[in-house]
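Here is my note on the model you sent round. Please read the points with the structure open.

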Amino acid sequence: TQTDIDKFKGFWRLFKLGVPIDRDAGKDFLDVSDALLEEVAKVLEFPVASMLPPEAFTVLRKSFDARKSQKEPKFVYTVEMDVDKLLNLEPRTWDFISRLEPKIGVIEHTPHEKVIGDLINIIHNNKKLNQDKVKGENGHTSSLNSYKLPSTKKAKIAVVGSGPSGLFAALVLAEFGVDVTLIERGQPVEKRGRDIGALVVRRILQTESNFCFGEGGAGTWSDGKLVTRIGRNSGSVLSVMKTLVRFGAPESILVDGKPHLGTDRLIPLLRNFRQHLQDLGCQCHFSVTVTVYVNVTTVSDSLFGSRVDDLIVENGHVVGVNVSDSSGRLGFSSEKLGFDAVVLAVGHSARDVYQMLLSHNTELVPKDFAVGLRIEHPQESINIIQYSKLANEVRSGRGKIPVADYKVVEYVKREDNNDTPQRSCYSFCMCPGGQVVVTSIDASELCINGMSFSRRASKWANAALAVTVSPKDFNDLGFHGPLAGVDFQREFEQRAAIMGGGNFVVPVQNVKDFMDNKLSASNIPSSSYRLGVKAANLHELFPVHITEALQHSIMAFDQELPGFISNDALLHGVETRTSSPVQIPRNPDTFESMSLRGLYPVGEGAGYAGGIVSAAVDGMYAGFALAKSLDLYKADD
Ligand code: FAD
C-alpha cells in the first residue's frame, strides 16, 4: 500500500555497482547507461531492468577498478535512487521497494536529501535565511576580536595570497559583503605562464613568479588532482568542488573517483574566479595611492606583484600590512595599508613570511612532514604493471580507460627506538602522463614536483616517494627552533643543487643503481624534466636512515607492483615540499592566531592543509569564521 511505501521514501544509495568496460558509457560520467541499470536492477531484485526509469538514478561516483583481485577490470559506480521517481512504475511492481533493506556499504537509506550547493548559493541562502538578523552596511557593528568597527564602515580585510586557501577565504568574505583586498606577490596566470615558460625553456627564474608564487598559488601549474584525504563526501569538500564547477571545472570532477583538472583547465578557471571576485568589489591593490576596480582585460599588472613584507601591529593587534612592489614595475617601493584583520594564506614556500612572523613573536611550531625523491617511469610501464593486457587500450586518456596511476605505502621501523612512531614511506602527488618540474624559488636551491595537463598524455608517469620526518630528525642534523624544519628542507635543496651542478640541473640515479648504491653511467633513461639531469649518487643526499627507508620501501613497492624497479625508472632529487614544516597555532573556532590578534593563518603554509582541496576548504572555513565574528553569518555549522 501507499502507507507501506512511504516508509521507504527518500533516497537510497547503491554502492559498488560494477559495469564491464565494453558496456560502459565511457566519458559521459553522469549518464545512467543500460548496463548500469542492469546492475541496479540486480541489487534491487527488480526483474526487468529496462523498465527502471533512468531519471530516478543519479551517478554520485565512478571509478575504474583494475585491481588484480578482480576477475575482470570494470567501472565501479555509486548511484543515488529517488524513490518518488519510481512511483510512476506500475503499482504491481512496487513490492521490490518494500523489500529494500539497508546494508552498510551496499545499499543505504537517506530519508531526506541533503542538497549541497556551491559556496555562492550556500551564502546567498544563508543571507536570505538570516535577512532579519543581518544588518546592512549602515548600522553594522562588528564583534571581530572585540574590536569595534566604526558603525558606518564595512570590515576591511586583507587576504594575503591567492592560492586555493586565499581565494576561497576571499570568496566567502566578499560574498558576505566584506571589503576584501587580495594581495598576491606573484603574477596573474597570463603573465605567470610566460614566466614559467622562461624558466623551463631558458632557465630564467623569476623569484616572485614561478611554480610556487602567482595567481592560483602552488597548485596552478600542477597536476590539479582534486583527491583529498579529508573526506570526499563531506559537505565542505562537495561545496568546494561545486564552486570549482561554477568557475569552469568539468562536472565530471563531482563524480570521478579520482578527480583531476590539469594545468590547462586551471588557468581559465582562475580567470573566472578572479572576475567573480572583482564583480563582488574585491579590491585590487594597484599602486601607492590608487585602489582601482579593474576588469579582466586590464587586470594583469594591477592585482598582482604586491608582496606583504611586514605586518603593522599596534597594541598586540594586527592593524595593517606593509606592501612592496615585488615585480619592480608598479612604481612604488613600500606602502602601509590599514586593515581590520589579515588572513595569511601564503603557502609553505614563503619562508620570508615565517621569518617576519617570528619578528612579531608569533608562535610557530615545527611539524612533521616528508622528504624524498621523485621516481619516473615510462607511462606505458605503469599501464602494463596495473592493467596487463588492457594496457593496449589506454590511448593517452582518449579511450575509456584512464592512464594508470598507483598509490603505495610502506611502514618502516624507526632506527632509534620505539618511543617515536614508525616512519612511513609513501607515493605522493603521483602524476600519470605528467612531467617533473622545478619548484625552486631560489637558484641556489633545487626542489622538484610533478604536473600534468588534463589529457595526461605525456609518455611519463612520476610520483614522489617521500619518507616522514619529525622535529627529532631536524635536531639530529643540528637544526633547532621554530624554523628547524625549514632549515632541514633547505639543507637538502642546497645539496641537490650542488649535486646537479647548478642551472637547475637535477641529480638523478637509475632506481636499480640506487638500490645497489652505485652511480648510474650510461643507463640513465630519458626524463620528462626539461632543464637537464646529471648522474649522481643520491645516497649522498639524505641521512642514511632516510636513504635506507627509501631502499626498503622501493623493494616492497616492487613486490606490490612487479616491474617498479626497472632499468627504465629514474629517481630525481629532491622532493622536500610535501607539506608545511611549520604550524602557526590558531584558535580552532575563530581561526585567529593564538599569539597575534587580528591574524588569521590559513591553508598549507599555516600547517592546516595539504593539497588543493583541503587548502580551499580551510580558507572557506576561515572565511565563515570571520564572517561569523562580524555577525554576518548566523548558522552554527
Ligand atoms: P599556495 O597555493 O602556496 O598559495 C600561496 C600564495 O601566497 C601564492 O600564490 C604566493 O605567491 C602568495 N604569497 C606568498 N607570500 C606572499 C606575500 N608575502 N605577499 C603576497 N602574497 C604572498 N595539490 C593537490 O591537491 N593536487 C595536485 O595535483 C598538486 N600538484 C602540485 C604540483 C606542484 C608543482 C606544486 C608546487 C604543488 C602541488 N600541489 C598539489 C600542492 C598544492 O598546490 C598546495 O597544497 C596548495 O596550493 C596550497 O594552497 P595554499 O592556498 O595554502 O597555498
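The points below cover the domain layout, an annotated segment and one helix pair.

1. The model is predicted, and the remarks here should be read with that in mind. The domain assignment divides the protein into domain 1 (2-110), domain 2 (119-364 + 584-629) and domain 3 (366-575). Domain 2 is thus given as two segments, 119-364 and 584-629.

2. The centres of domain 1 and domain 3, taken over C-alpha atoms, are separated by 41 Å. There is contact nonetheless: 6 residues of domain 1 meet 6 residues of domain 3. On the domain 1 side, that contact consists of 4 nonpolar, 1 polar and 1 charged residues.

3. An unreviewed UniProt entry puts the feature "domain: FAD-binding" at residues 155-189. Helix accounts for 37% of this stretch and strand for 29%. Its end C-alpha atoms lie 29 Å apart.

4. How are α5 and α15 placed relative to each other? Helix α5 spans residues 164-175 and helix α15 spans residues 612-629; their axes are 7 Å apart, and the packing angle is about 30 degrees. Angles under 35 degrees count as roughly parallel, and α5 and α15 are therefore roughly parallel to each other. Their crossing is right-handed.

5. The residues that α5 brings to this contact include Pro-164, Leu-167, Phe-168, Leu-171 and Val-172. Those from α15 include Ile-612, Asp-618, Met-620, Phe-624 and Leu-626. Classed by residue type, the contact of α5 with α15 has 15 nonpolar, 4 polar and 1 charged residues.

Key. Residues numbered from 1 in each chain as written. Predicted model: local features only at pLDDT ≥ 70, side-chain atom pairs only at ≥ 80, totals over all residues. UniProt positions renumbered as here; feature names shortened; annotations may be inferred. Helix = DSSP H or I, 4+ residues; strand = E, 2+ residues; numbered from the N terminus. Axes fitted to C-alpha atoms, helices over the stretch in contact; angles between N-to-C directions. Parallel < 35°, antiparallel > 145°, perpendicular 65-115°, else oblique. Left-handed = near helix turned anticlockwise from the far one by under 90°. Contact = placed C-beta atoms within 7 Å. Nonpolar A, V, L, I, M, F, W, Y, C, P; charged D, E, K, R; others polar. Domains from an automatic or database assignment.
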